[in-house]
Amino acid sequence: MTLAITQLDRDDYTEWKSLYRAYGKFYNMPLDQKTLDTVWSWIFDSKNPFYALIAKDEQGNGVGLMHYREMPSPLRGTVVGFLDDLYIQPHYRGNGAIDAMFDALNDAAKAHGWPFVRWITAENNYRARAVYDRVATKTHWQTYQMDIG
C-alpha cells in the first residue's frame, strides 16, 4: 500500500472531518460542528503553532490524521512538540500507515527544531500503546486533570 502523508490543505476538509469524527467516536467524544470549526481554524491560523498531517491512499481517500503542536518546556528553556490526536482508519491498521505517519511527524519535528514530541493516550488503548512502545520511550510521568468549576 502506498500512502501520501502531507500537511493538511484546505481542500482536505471532507476527508479530515470524517477522520476526526471517527477519532472522536473512538474516545466517546462526539464532535459537533462548532468543535470541528474551531479545530479547523486552529490548523490554518498562522499565529497558532498547531499543525495537522493527513495520510491518503492511492485514490486520495483519507486514511489517517495527526494533530500536533508546539509546547513550551520551561525546564529546558525551549519548545518541544506535543501530539494531540492520532487516528488511523481500522482497515488500514497493521499495514504501515502508523509508521509512515510517525516518520512524517519526526520530519516535521526536526524542521521545527523540537528535541522531542510527547503525547498521552488512554490506558486501555492497547493496540496503539504497542506501537508507541516500539516508536517512542514511555516516560514515568503520570497525567492529571484539574476540572475547572
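# A walk through the fold

Residues 24 or more positions apart account for 57% of the contacts in the protein chain with a separation of 6 or more. Keep that in mind as you click around this predicted model.

**Stop 1: the whole chain.** Start in cartoon view. You should be able to pick out four helices and five strands. If you trace the chain along the sequence, the pattern goes β-α-α-β-β-β-α-β-α. The radius of gyration is 15 Å, close to the 15 Å that the globule rule gives for 149 residues, so the chain is as compact as a globular protein of that length. Rotate the view, and the C-alpha trace spans about 45 × 35 × 30 Å along its principal axes. Now switch on the surface: the accessible area is about 9,700 Å², and 52% of it belongs to carbon and sulfur atoms. Of the 149 residues, 34% are buried.

**Stop 2: two hairpins.** Hide the surface and select residues 50-56 and 62-73, which are β2 and β3. These two strands pair in the antiparallel sense over seven bridges. Zoom in on K56 and you'll see it standing opposite G62 in β3. Five residues sit between the strands of this hairpin, and G60 in the turn has a positive phi of about 85 degrees.

Next, add β4, residues 78-88. β3 and β4 also run antiparallel, joined by 10 bridges. For one of those pairings, click L65, whose bridge partner in β4 is Y87. The hairpin of β3 and β4 has four residues between the strands, and here G77 takes a positive phi near 70 degrees.

**Stop 3: the largest core.** Show side chains for M66, Y68, L83, L86, I88, F102 and L105. Those are the residues with the most contacts inside the largest nonpolar core, which has 22 residues. Which elements give two or more residues to this core? They are β2, β3, β4, α3 (97-112) and α4 (126-135). Color α3 while you're at it, as the largest share, eight residues, comes from that helix.

Now center on I88. Leaving aside neighbours within four places in sequence, I88 is in contact with V63, G64, R93, A97, I98 and M101. Apart from the largest core lies another one, of 15 residues, including L19, I43, F50 and A52.

**Stop 4: one face of α2.** Select residues 33-43 to get helix α2, then show L36, V39, W40 and I43, its buried residues. Look straight down the helix axis: these residues fall within an arc of 100 degrees, so they line one face of the helix. What do they pack against? Bring α1 (13-26), β2 and β3 into view, and you have the partners of that buried set.

**Stop 5: a buried loop residue.** Finish at Q89, in the loop between β4 and α3. Is Q89 buried or exposed? The cut-off for buried is under 20% relative accessible area, and Q89 has 17% relative accessibility, so it counts as buried. Show what surrounds Q89: not counting residues up to four places away in sequence, it touches L19, G62 and V63. You've already met G62 on this tour, opposite K56, and L19 in the core of 15 residues. V63 turned up too, among the contacts of I88.

Terms used: Residues are numbered from 1 along each chain as its sequence is written. This is a predicted model: local features need pLDDT of at least 70, side-chain atom pairs count only at pLDDT 80 or more; totals for chains, interfaces and linings use all residues. Side-chain values use heavy atoms; hydrogens and water are left out. A nonpolar core is a set of buried Ala, Val, Leu, Ile, Met, Phe, Trp, Tyr and Cys residues joined through side-chain atoms within 4.5 Å. Buried means under 20% relative accessible area, exposed over 50%, partly exposed in between (1.4 Å probe, protein chains only). Contact means heavy atoms within 4.5 Å. The arc is that of the directions from the helix axis to the C-beta atoms. The radius of gyration is taken over C-alpha atoms; the globule rule is 2.2 Å times the number of residues to the power 0.38. Accessible areas come from the Shrake-Rupley method with a 1.4 Å probe; for residues, only the protein chains shown count as cover. Two strands pair if DSSP finds at least two bridges between them.
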